[in-house]
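Q: Could you take a close look at one part of this protein for me, namely its charged side chains and how they pair up? I'd like a walk through it in plain bench language.

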Amino acid sequence: MALKQKGSDAAAADTSKRRRVGFAGIDAGTEANECMQVFIARNPDEVGSADSTPIEPFDLNHFFGEDGKIYGYTNLKINVWISAISFHAYAEISFQETSDGGKGITDVKPVLQNIFGENLVEKDEFLEAFSKECQCISDVVKNGNSIKHDASDEDDLSVQIVRVELQGAAAYLYSRLVSLVLLLVEGSTPIDITEHGWQMLLVVKKAELESSASKFQLLGFAAVHHFYHYPESTRLRISQILVLPPYQGEGHGRRLLEAINSIAESENMYDVTIEDPSDYLQYVRSSIDCLRLLTFEPIKPALGAMVLSLEQTNLSKRTRSSIMVPPADLAETVRQKLKINKKQFLRCWEILIYLHLDAENLKCIDNFRACIYDRTKGELLGGASGTNGKRLVQVPTSFDEDMSFAVFWTKEGGDEDNQTVQQQPEDLATQEQQLNELVDNQMEEIAEVAKNVASRVKDKLAA
């Protein structure tokens, strides 16, 4: 028995040893976000130096497969520089060693090629492009038209907006800017520049020194498309808008939006829309439109009447839905004169009402929130007359269980047993909680825009 135990101990030791050998080399991989950095270089001296301006892509992982990891490398570092002059890219890849730890060795170069395309070049060509293609921006600007818009007092007069057709040199420039759009704008895809109707608005700044190789710096751009609107009008849709990271926070996004509004008004377009705007872009857009609406005389009587109604009524015991809808003819007037589409006007209408309320009047604020609640509930579940066959139901999800639900809709007149979704008390409680969370989020967004608008109005009055 002692011999057997000894043998068992030896076997166990051998087994343990084999396990250590078998599992020690499994590669956990490295997330792209942890080993890859992207920089913008404004001159050759910034390439490879601490003076390069780093940018923060929204997520590098999604370029590298489903798990976003790179396998087979030890101490992998990927540094990519993008030229602010020619918008070529150069990648420097370094690592201690490579080994197949069970997941293979990721070929990084094809992934970078998918992001940067033909813009990805070797170092010598990348550095030479700073001088060889220093007129890249100037060649586009000289073929465009400068757009005048109402500049604020803090605007840099050396900055201008230039409008160009998206063809020739402008199309070539856009093809180089695509990689920045993919890196910085979540969910973005390149536009089809072969389709008729595309234009680009560039925010450019004249070089401070006449001796500078490049006469202009590109600070940002917007890609816009002209859509036919029956019977004989055009809608202007903003498809992409991007301010380059070194120049963000300086008001260039606002300049672009104001220039687009100016174009729409001067050319009597039907309205302006934005394709899938980010939260921040929507914030800037709503701030601009609310400032325009504040000085628009036709809305003042209806706005005043709505504010007065919220001040004098008590909606806490309401028996039917209450919503803050402006007169239909007013929405049409705003569209005709300011080119603000109806959906955007309704969003701004609520912000303007909130802006005119007394924040210390709790009953008034509660009435406002009640209207936001009723509108949100109506959009999700149906109007005041009933749910029109809609039900809010929980669904299995791997996302955020507290904020995930589905709207279930059934057709009228079918078999009642097949048309009814039974809701338990706990489901109704969850539905109420989710609705209130949505309303709270909307209230915060409205308050943020209103605060920004009030601040800008105050600054104008003080100037």
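A: Let's start at Lys132, which counts as exposed because its relative accessibility is 66%. Keep in mind that this is a predicted model. The side chain of Lys132 meets that of Glu128 in a salt bridge, at 3.5 Å from N to O. Both residues sit in helix H4, which covers residues 123–132, and they are four residues apart, or about one turn of the helix. Glu128 comes out as partly exposed, with 41% relative accessibility.

Now go to Glu133, whose side chain forms a salt bridge with that of Arg176, at 2.6 Å from N to O. Glu133 is in the loop between H4 and helix H5 (136–141), while Arg176 belongs to helix H6 (residues 169–184), so this pair ties together parts that are 43 residues apart in sequence. How buried or exposed are the two partners? Glu133 is partly exposed, at a relative accessible area of 25%, whereas Arg176 is buried, at 2%. The cut-off for buried is under 20% relative accessible area, so Arg176 with its 2% falls on the buried side.

Another pair to look at is Arg318 and Asp374, whose side chains meet in a salt bridge at 2.7 Å, N to O. This one also links distant parts of the chain: Arg318 is in the loop between helix H9 (300–312) and helix H10 (328–338), Asp374 is in helix H12, and the two are 56 residues apart. Helix H12 itself takes in residues 362–381. Arg318 counts as partly exposed, with 30% relative accessibility, while Asp374 is buried, with a relative accessible area of 8%. What else does Asp374 touch? Leaving out residues up to four places away in sequence, Asp374 has contacts with Arg318, Arg320, Ser321, Ser322 and Ile323. So the salt-bridge partner Arg318 is on that contact list of Asp374 too.

Not every charged group here is a simple twosome. Glu265, Asp289 and Arg292 are linked in a network of salt bridges. Counting by the same kind of rule, the total comes to 15 salt bridges.

Then there are acidic residues that gather in a patch. Which residues form the negative surface patch? Asp279, Glu444, Glu445 and Glu448 do. Helix H14, spanning residues 425–462, gives the most to this patch, with three residues. Glu448 is found in that helix H14, and Glu448 is partly exposed, with a relative accessible area of 49%. Why can Glu448 be in a patch at all? Patches take residues with over 30% relative accessible area and no salt bridge, and Glu448 at 49% is therefore past the area cut-off.

To put these charged spots in their setting, the protein chain has 14 helices and 16 strands. Of its 463 residues, 43% are buried. Among contacts between residues at least 6 apart in sequence, 71% join residues at least 24 apart. The accessible surface of the chain is about 26400 Å², and 49% of that belongs to carbon and sulfur atoms.

Definitions and conventions
Residues numbered from 1 in each chain as written. Predicted model: local features only at pLDDT ≥ 70, side-chain atom pairs only at ≥ 80, totals over all residues. Heavy atoms only, no water. Patch = residues over 30% accessible without salt bridge, like charges linked within 9 Å, V, L, I, M, F, W, Y side chains within 5 Å. Areas by Shrake-Rupley, 256 points an atom, 1.4 Å probe, with all protein chains shown as cover. Salt bridge = Lys/Arg side-chain N within 4 Å of Asp/Glu carboxyl O. Lys, Arg positive; Asp, Glu negative; His and termini not counted. Charge placed at Lys NZ, Arg CZ, Asp CG, Glu CD. Buried < 20%, exposed > 50% of the residue type's maximum accessible area, 1.4 Å probe, protein only. Contact = heavy atoms within 4.5 Å.
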